[in-house]
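Please open the structure in your viewer and keep the sequence panel beside it. The stops below can be followed in order, each with a selection to make and a note on what is there.

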Amino acid sequence: IDTLRVDRLGRYGSERGLTPHIDAFARQSVLFEHTVSQASWTRPSVASLFTGLWPPSHRAYGRLVQLVPEVETLAEVLHRHGYRTAGLNANPFVSRAFGFAQGFDTYRTLGDERITRSQEVHQAAARWFAERRRSGEADPFFLYLHTVDPHSPYKPAPRFRARFTADVPRDGIGEQWWLAELATGKIPVTETLVRRLEALYDAEVAQNDESFGRLLELLEAEGVADDTLVVLLSDHGEEFNEHGEWEHGKNLH
């Protein structure tokens, strides 16, 4: 789950009630209480997840830099051991163009400009499972799903916007152009503004939690839940002016 702050999860102490499905999952799982992202933005962080290397070793830490083919990814290791490998990704920063398809039989970046919702990613996963079932595929699988709600722009679906952001005006707040003006000081910072931005973010966290619950139901329906290791994690967090910045990738707090 791209850009997910740990303090939004009930199992880590949040009382916001945003993540009932993730919390129920965590109660049955190994919970890591202290982990540190290897970068403050997606490409180098996911490259470290894929390779087990520090960013200076895998070198995929520039805006135009690819993950070099010389490094070995988890997908390559598993593929070599007979796994069917697939990646369904909603963030263009870790697309095939930047070398992240290494080792995957199927690797797709969905949507455009980070607007693909987690529901669509998991619907694509359902189609992948259906194709696997029709083909009679029996090999073990490695499926990587990368969702981007709650990444900016903060644009929750109408149902979640109505639930969490009833007092947030529809005047562009949370849109990418609006966040750019906020970052350059063109929009004055107030407590109300911060609260409204966080409410939009929270709505997207809740939206993704619902999608994750449906993904778990899909694994049950496919009959693979008991034999599948499910790992849920985020690549980095998000800042709401706690240290003088917004979004992520700008400092290491």
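With which residue does Arg214 form a salt bridge? Select Arg214 together with Glu210, which is the partner, and look for the closest N and O atoms, which are 3.5 Å apart. Bear in mind throughout that this is a predicted model, and that the distances and angles quoted along the way are computed from it.

**Stop 1: around Glu210**

Keep Arg214 and Glu210 selected: the two residues are 4 residues apart in helix 8, so about one helical turn separates them. Arg214 counts as partly exposed, because its relative accessibility is 43%. Now add Arg159, which also forms a salt bridge with Glu210, here with the closest N and O atoms 2.7 Å apart. Arg159 lies in helix 6 (residues 158-164) whereas Glu210 lies in helix 8, so this pair ties together parts that are 51 residues apart in sequence.

**Stop 2: Asn208**

Staying in helix 8, which spans residues 191-221, select Asn208. Is this residue buried or exposed? With a relative accessible area of 1%, Asn208 is buried. If you display its surroundings and leave aside the neighbours within four places in sequence, you will find Asn208 in contact with Ile1, Ser118, Thr147 and Asp149.

**Stop 3: the sheet**

Select the strands next; there are 3 of them, forming an open sheet in the order 2-1-3 with parallel pairing. Strand 2 (106-109) and strand 3 (141-146) stand at the edges, and because each has a single partner strand, one side of each is left without a neighbour in the sheet. From one strand to the next, the twist averages 5°.

Colour strand 1 (residues 84-89) and follow its pairing on either side: 4 bridges join strand 1 to strand 2, the two running parallel, and strand 1 pairs with strand 3, again in the parallel sense, over 6 bridges. To find a reference point on each side, label Asn89, whose bridge partner in strand 2 is Thr109, and then Gly87, whose bridge partner in strand 3 is Tyr144. Strand 1 is mostly covered, with 5 of its 6 residues buried.

To see what packs on this sheet, display helix 5 (residues 118-135), which touches strand 1, strand 2 and strand 3, and whose direction makes about 160° with that of strand 3.

**Stop 4: a salt bridge at strand 1**

Show the side chains of Arg84 and Asp105, which meet in a salt bridge at 3.8 Å, N to O. The pair links distant parts of the chain, since Arg84 is in strand 1 and Asp105 in the loop between strand 1 and strand 2, 21 residues apart. Arg84 counts as partly exposed at 32% relative accessibility, and Asp105 likewise counts as partly exposed, at 33%.

**Stop 5: a network of charges**

How many salt bridges does the model contain? The count comes to 14. For a group joined by salt bridges that share partners, select Arg5, Asp7, Arg8, Arg16, Glu198, Asp202 and Glu242, which form one network.

**Stop 6: a nonpolar surface patch**

Switch to a surface representation and select Val6, Tyr12, Val30 and Phe32, which form a nonpolar patch with about 430 Å² of accessible area together. Of these, Val6 is found in the segment before helix 1 (20-27), and with a relative accessible area of 48% Val6 is partly exposed.

**Stop 7: backbone details**

Finish with the backbone, beginning at Thr3, which is also in the segment before helix 1. Although Thr3 is not a glycine, it has a positive phi of about 70°, and its relative accessible area of 0% makes it buried. Arg59, in the loop between helix 3 (55-58) and helix 4 (74-80), also has a positive phi, near 70°, in a residue other than glycine. Arg59, however, counts as partly exposed at 42% relative accessibility.

The last selection is Ser152 with Pro153, which are joined by a cis peptide bond with omega at about 0°. Pro153 is located in the loop between strand 3 and helix 6.

Terms used. Residues are numbered from 1 along each chain as its sequence is written. This is a predicted model: local features need pLDDT of at least 70, side-chain atom pairs count only at pLDDT 80 or more; totals for chains, interfaces and linings use all residues. Side-chain values use heavy atoms; hydrogens and water are left out. Patches are made of residues with over 30% relative accessible area and no salt bridge: like charges are joined within 9 Å, nonpolar side chains (Val, Leu, Ile, Met, Phe, Trp, Tyr) within 5 Å. Accessible areas come from the Shrake-Rupley method with a 1.4 Å probe; for residues, only the protein chains shown count as cover. A salt bridge is a side-chain nitrogen of Lys or Arg within 4 Å of a carboxyl oxygen of Asp or Glu. Buried means under 20% relative accessible area, exposed over 50%, partly exposed in between (1.4 Å probe, protein chains only). Two strands pair if DSSP finds at least two bridges between them. Axes are lines fitted to C-alpha atoms, for helices over the stretch in contact, and angles run from 0 to 180 degrees between N-to-C directions. Contact means heavy atoms within 4.5 Å.
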